[in-house]
Amino acid sequence: MSESVTTENLLDNLSTAVLVLDDNMILQYANHAAQAVFERSLNLLIGYSFNQFIASSSLDFVRFQNSMQHGEVYSDGEVTFKFTDGRHTQADVSVTRMLEDQNKRLLLEIRLVEQQKKISQENHQWAQQQAARELVRGLAHEIKNPLGGIRGAAQLLAKQLPSEELQEFTQVIIEQSDRLTNLVDRLLGPNLRPNFDWQNIHKVLEKVCTLVQLDPSHNILITRDYDPSIPDIYLDQDMLQQATLNIVRNSVQVLSDNREIAGEITIVTRIERQVIIHGASFPLCVKIQIIDNGPGIPSELKNTLFYPMVTSKKEGSGLGLSISQTLIGHHRGKIEVDSWPGRTEFTLYLPIDKKDPQK
Ligand SMILES: Nc1ncnc2c1ncn2[C@@H]1O[C@H](COP(=O)(O)OP(=O)(O)O)[C@@H](O)[C@H]1O
Ligand SMILES: [Mg+2]
């Protein structure tokens, strides 16, 4: 193994949770993914009993003990775990005994099943959305090219026409071409020149909050719950602002339309470890959540939410979320949604690393 790859680093970058227990089931080691599964930091895991965190589980504890005593390797699929904090999850588990200086240890590998399913679902959705966007972009370009010609010809024709009355017709051609060009430009998305720089994420979010609060037509409460320790990330301020603003605006709109609820939007920032984004694993990410207490996303839109032109609004363009996703994609990030009546959560993940995302 090359010297630059340390075992510690390797283990902490695995997406599989790795735990080591001694023969009293006391935790001796947990990698980053394990800390994420248990939602506990290292000092709240090491030295504690494994059973202390598990309220119940379909894990076969007899075979588990046999592994420890006789060294049998034991694997089980789709084991359910119920944690003492109420969460539950399903995982594939492998148990291997390790002997270290006469001490018996159990090596536990836990791979969340939901996560695997989610990843393949996510990749599938991402591919479909990409295809839809490409199709729309392709069509938009094809429409845009002849429009210039039509408009130009109508202008020339207008100059040749003998009477002013006839110009009314050329004017209609010009106006309608402009209307179409406008629509097509919106379909093609903002033509922002990338301008990446190291920036504080909260500066961008505060701008979004200011823009939303300036709007006097609503009195929605905006609550911030920021983690101030999040480091600067390499981002394009305008793009990220647009991406988050599109999401926050949707919350504002839905809350303004449902005034019987006291509208509230919460913006949460956290650091998240071991995030998988379109098949690549990132050890460290910023997680930004935009949560509203509105009626939730209409269920018939859920599967196609990020497609261009998907909207439930009379005057909606259906482009907001599609654009947000493109812009977050430029940051190598992803957007997830969870929504039910009374709560809608959009979660953005952006990698934190020292790399320039454009290279
Ligand atoms: N916070 C939210 N609560 C409920 N529905 C939402 C929310 N955000 C988005 N939606 C739904 O997603 C649709 C698409 O949003 P978007 O792409 O921004 O297009 P538009 O806002 O033009 O409709 C919206 O029309 C709405 O039905
Ligand atoms: Mg919108």
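Biologist: How do the residues of the shell around ligand 1 divide into nonpolar, polar and charged?

Modeller: Eight are nonpolar, 13 polar and two charged. Ala, Val, Leu, Ile, Met, Phe, Trp, Tyr, Cys and Pro count as nonpolar, Asp, Glu, Lys and Arg as charged, and the others, Gly among them, as polar. This is a predicted model: local features need pLDDT of at least 70, side-chain atom pairs count only at pLDDT 80 or more, and totals for chains, interfaces and linings use all residues. Residues are numbered from 1 along each chain as its sequence is written, while chains are lettered from A and ligands numbered from 1 in the order in which they are written.

Biologist: What makes a residue near ligand 1?

Modeller: Its C-beta atom, placed from the backbone, must lie within 6 Å of the molecule. 23 residues surround ligand 1. The closest are Asn250, Thr311, Ser312, Gly316 and Gly320.

Biologist: Which elements give two or more residues to that shell?

Modeller: Helix H7 (237–256) and helix H8 (320–330) do. H7 gives the most, with four residues. Helices (H or I, at least four residues) and strands (E, at least two) are DSSP runs, numbered from the N terminus.

Biologist: Where do the domain bounds come from?

Modeller: They come from an automatic or database domain assignment. For the protein chain it gives domain 1 (7–113), domain 2 (117–188) and domain 3 (196–351). The C-alpha centres of domain 2 and domain 3 lie 29 Å apart.

Biologist: How many residues of domain 2 are in contact with domain 3?

Modeller: Two residues are in contact if their C-beta atoms, placed from the backbone, lie within 7 Å. Nine residues of domain 2 are in contact with 11 residues of domain 3. On the domain 2 side, helix H4 (113–160) and helix H5 (164–188) each supply at least two residues. H4 has the largest share, seven residues.

Biologist: Why are strand E2 (27–30) and strand E3 (54–57) called edge strands?

Modeller: Because each pairs on one side only, and two strands pair if DSSP finds at least two bridges between them. The open sheet of six strands has the order E2-E1-E6-E5-E4-E3, with antiparallel pairing.

Biologist: What makes strand E4 and strand E5 a pair?

Modeller: Strand E4 (residues 74–83) and strand E5 (residues 88–100) are joined in the antiparallel sense over seven bridges. The requirement is at least two, so they pair. Ser75 stands opposite Ser94 in E5.
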